[in-house]
Amino acid sequence: MKKYISFVLILVITTIFIAGCGSPKDKSVNSNKGEKFKVVTTTTMLADVAKHIGGDYVEVKGLMGPGVDPHLYKASAGDVTLMQKADMVVYNGLHLEGKMGEVFENLTGSGKLIVSVADGVNKEALMKSEDSANAYDPHIWFDVNIWKDAAVELTKGLKNLDKDHADEFDKNLKAYLAELDKLNEYIMQKTAELPEKSRVLITAHDAFNYFGKAYGFEVKGLQGISTASEAGTADVRELANFIVDREIKAVFIESSVPKKNIEALQEAVKAKGFDVKIGGELYSDSIGDAGTEAETYIGTFKSNIDTIVNALK
Ligand SMILES: [Zn+2]
């Protein structure tokens, strides 16, 4: 009997404890008082989508600023506090945020609403990582159609968080998807200005494979899928030969990767008696600075395709 009573007691205590842990459902804000749900995102691309869909109902904070490399980014103590205090945390997934895995694991245990937008992408649309056979390439924002799935997944999260405004989120999503369709059109029109043999994109790291597949470019990166792997002299030599053989006009530096490797490549090409110019800076793993035309995902993608096409023409 004593045993039975203590068993029941433990059961009751456990139930109270579990009920006490905040699940997303019992969160609420008083929007009449101007309170807003707090959404924290990792990358700038995600912060931009969250702002478009969340509109006036959520307060969005992105942890990584423009030009920050997500592969190498480590969460600071302040970031962890922000995520703990947030109502919803959104990350890319597919190990883009390679140094933050443990942070997400700890948060998942807390019962907080955590969204990895890659979960919304059809597995068949994902490309295998060249760095590791068991992993997928995380740079999904470079195919606008795939990124639309990411926006849908983020919207699902917002609707779970704030059911009262589900209709508004759906409306914002619909408008945003239409804008993304227009962007897709723009990219295809710009690409068509290039003769097919000129559609070769050489950049600092392997961020552009989805872009290449979606819009018909041959893509080569000096570093691997993650910037954590270094480019070796053999990589530089091999790529230099390729540029000379194919008479490639331009290579590109990236906003979130130091430009020294691409400059070394340019030097290696020069040593072979051929000139390749640096065609400009592409935004790879972050969008552009606030106040520039590239301050949104859409603006960033337009800037990239303009830079690419103008340099390779
Ligand atoms: Zn990358």
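Angles between helix axes under 35 degrees count as roughly parallel, over 145 as roughly antiparallel, 65 to 115 as roughly perpendicular and the rest as oblique. The views below show a predicted model, in which local features need pLDDT of at least 70, side-chain atom pairs count only at pLDDT 80 or more, and totals for chains, interfaces and linings use all residues. Residues are numbered from 1 along each chain as its sequence is written, and side-chain values use heavy atoms, with hydrogens and water left out.

**View 1. Helices H2 and H5 pack against each other at an angle of about 60 degrees.** Here we look at helix H2 (residues 44-54), whose axis lies 10 Å from that of H5; the two are therefore oblique to each other. Axes are lines fitted to C-alpha atoms, for helices over the stretch in contact, and angles run from 0 to 180 degrees between N-to-C directions. Helices (H or I, at least four residues) and strands (E, at least two) are DSSP runs, numbered from the N terminus. On the H2 side, the contact (heavy atoms within 4.5 Å) is made by Met45, Leu46, Val49, Ala50, Ile53 and Gly54. Trp147, Ala151, Leu154, Thr155 and Leu158 meet them from H5.

**View 2. Three histidines and an aspartate hold the donor atoms of the zinc ion.** His71 (NE2), His139 (NE2), His205 (NE2) and Asp285 (OD) lie 2.0 to 2.1 Å from the zinc ion. Donors are N, O and S atoms within 2.8 Å of the metal (3.2 Å for Na, K and Ca); water is not among the atoms, so sites may look incomplete. The four donor atoms subtend angles of 94 to 124 degrees, so the arrangement is tetrahedral (four donors, all angles between 85 and 135 degrees). Two of these residues link distant parts of the chain: His139 sits in the loop between strand S4 (113-116) and helix H5 (144-161), and Asp285, 146 residues apart from it, in the loop between strand S8 (277-282) and helix H10 (297-312). Both His139 and Asp285 are buried (under 20% relative accessible area; exposed is over 50%, partly exposed in between, with a 1.4 Å probe and protein chains only).

**View 3. Ile308 of helix H10 is a buried residue.** Its relative accessibility is 1%. Beyond residues up to four places away in sequence, Ile308 touches Leu201, Phe211, Phe217, Phe252 and Leu282.

**View 4. Glu238 is an exposed residue of helix H8 (residues 233-246).** Its relative accessible area is 59%. Leu265 lies 27 residues from Glu238 in sequence, with 9.7 Å between their C-alpha atoms.

Key. Four donors count as tetrahedral if all angles lie between 85 and 135 degrees; four count as square planar and six as octahedral if opposite donors are over 155 degrees apart and all others between 65 and 115; anything else is irregular.
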